[in-house]
Each structure stands twice: as structure tokens, then as C-alpha cells.
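User: Could you take a close look at one part of this model for me, the place where two of its domains meet? I'd like the whole picture in one go.

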Amino acid sequence: MPITVKTFTNTHDAAAALSSDRSARYLGGGTLVMRALNEGDISISTVVRASDHAMTRIDATGSRITLGAGVTFARVLADRDLAFLHAPARSIGGPAVRNMGTVGGNLFAPVPYGDFTVAMLALDATVSVQGGLGGRDIPIEEFLQSRDRQAGSLVLAISFARPGSTEAFRYRKIARIKPKGGAVVTLAAHLPVNGSRIVGARVALGSMAPTPVRARAAERALEGRALDASTISAAAAAAVEGTSPGDNALASAWYRREIVGVHLHRLLSDQE
């Protein structure tokens, strides 16, 4: 089946093309869409592109960071102001994938991928989208819950507050093939501290549900407490609550449930 490619100079027209055609998909880096096309996905008949430079802009100079949806992981790694995101960016694929893969596309990556999105969920990011009825900002958790219904919208950017310290944000990916394999489990935590107490804890998990999810029980175990051995143990014990992992070639659901607490304990303890 022939594929129609439509390229627009602005995001408004690209979003309109997506919203008016259910068979259209946006092509950013191509690591998801081109794979689907090469595997014979007949639901896609139109590929939409946009050359708007706003899609590839990085604003990391202030307290709030904005990444255009077309920013690649290689560019994240090259930016010193984004050093706290180098670990999640480096954990995605090999150099070829990082040169092409984008932060916007990663929002749609299925299990066992989507590792950068786990970090964004821990950082309470906001997703800016343009649809047929105009633009809006959506909390990332809400976006992920309705991800399948976002196919007709164009993701423009993702923004989030810069962590107050390098120790406040932590990330860990468990993979059988290092460094570029699909995830068995991915974990990220943002632990702001007021005095000696954690305030506003957010813990995110990848490959523990169809989309990245927050470990709310673990967050409750951390909130308002010092990050000591007893708090870490309580959070680790609660990590599996509310998750719904699946089986795939990398690991069974049972195995993921067994190890997520172990690796959250290591993440919070800052152990390798």
C-alpha cells in the first residue's frame, strides 16, 4: 500500500493534518513509525512531518526546562545544563537510536521501551499538544493514561521544573543487554528535601504497567520522612502495589514484581 508523506512548515498545519486523518502518524525520529511501517502496519497510510524549528528547541537556562518534542537524546547528552538527564538519555538504545529518537516519540514507546518518559513522569512534567481544536498543556500522568486517544494530536514540547539538587533526582534501568537493551524494569525518583524531610516525593516505574506509572504506595512511605534505612525499606516493600506488569521475552510479570522492590531499595540507597 502506498504511503503519502506530508511535510509542513508549521506545527498548526501538521496538527490539523493529523487530526483530520485517522490513518496519519507523525514522523519525528522514525524509530517507532518506520519500524511499524517496515513491519507492515496497514493502519498507517499517511506520514506527517513538520520543519518548524520550535520542535527542536531546548530551553534549559532557567528553573523550568522545556524540551521540544523533536529534541533527540543525543542532544540531551550534549547539553551540560541537562546533566541530570544524561543517565536516562544514555540508557536508550545505541548511538544510532539516540541520534534519531526524540523525547516526544518516547512518550508513545511501548513496553519494554519508553525509559526517558519514566524520568519525565518522576519529574512531574507537562506535555504541550496541538490538536484540531487548538493547543493545551496536559500533566504527563494524564497524558499517559489517555495516550491511545492522543494519536490525532501533535506533541509540541515537554516541560518540567529543574530538580533542586543533583541528589534529588535518581534513575535506574534494569536490562539484560547493557547498555542498550529493552528494560526489565525502569525506575526514577524525584525526592525534594525540606530540612531533612522528603516533601513531594515522586517515584515512577517503567515496564510495570502498559505505560509508565507512579508508585504511589512507595511515595506515601517516603513522604514527610528522612531518607533513612527504615524509610527506604518501607518504600521498597510498597513498590509493587498498584502495578500490573506483563510477560514478554525479557521477563515475566512474576519476575518484575519480585525485583522492583529490590531495585527501588538500591536506587534510594544510591547503590549500583
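**Where domain 2 meets domain 3**

Analyst: The C-alpha centres of domain 2 and domain 3 are 20 Å apart. Keep in mind that this is a predicted model. To get our bearings, the chain splits into domain 1 (2–48), domain 2 (52–159) and domain 3 (164–267), and I'll stick with the last two here.

Start with the contacts: domain 2 puts 22 residues against 26 residues of domain 3. Together the two domains bury about 1900 Å², and 63% of that lies on carbon and sulfur atoms. On the domain 2 side, V111, V118 and A122 are the trio to click on: they supply 27% of the area that domain 2 buries against domain 3, more than any other three residues.

There's a polar side to the story too. Between domain 2 and domain 3 you get 10 residue pairs in polar contact, counting pairs with both residues at pLDDT 80 or more. As for salt bridges, the rule finds 4 across this interface. If you'd like a charged pair to look at, try D124 and R202, whose side chains form a salt bridge at 3.4 Å, N to O.

Now for the elements behind the domain 2 face. Those giving two or more residues to the side that touches domain 3 are α4 (86–90), α7 (115–122) and α8 (140–145). Of these, α7 has the largest share, with 6 residues. By residue type, the face of domain 2 that touches domain 3 breaks down into 13 nonpolar, 5 polar and 4 charged residues.

Definitions and conventions: Residues are numbered from 1 along each chain as its sequence is written. This is a predicted model: local features need pLDDT of at least 70, side-chain atom pairs count only at pLDDT 80 or more; totals for chains, interfaces and linings use all residues. Side-chain values use heavy atoms; hydrogens and water are left out. Domain bounds come from an automatic or database domain assignment. Contact means heavy atoms within 4.5 Å. Buried area is the accessible area (1.4 Å probe) that two parts lose on being put together, summed over both. A polar contact is a pair of N or O atoms within 3.5 Å; within protein, one must be able to donate a hydrogen and the other to accept it, and residues adjacent in sequence count only if both atoms are side-chain atoms. Helices (H or I, at least four residues) and strands (E, at least two) are DSSP runs, numbered from the N terminus. Ala, Val, Leu, Ile, Met, Phe, Trp, Tyr, Cys and Pro count as nonpolar, Asp, Glu, Lys and Arg as charged, and the others, Gly among them, as polar.
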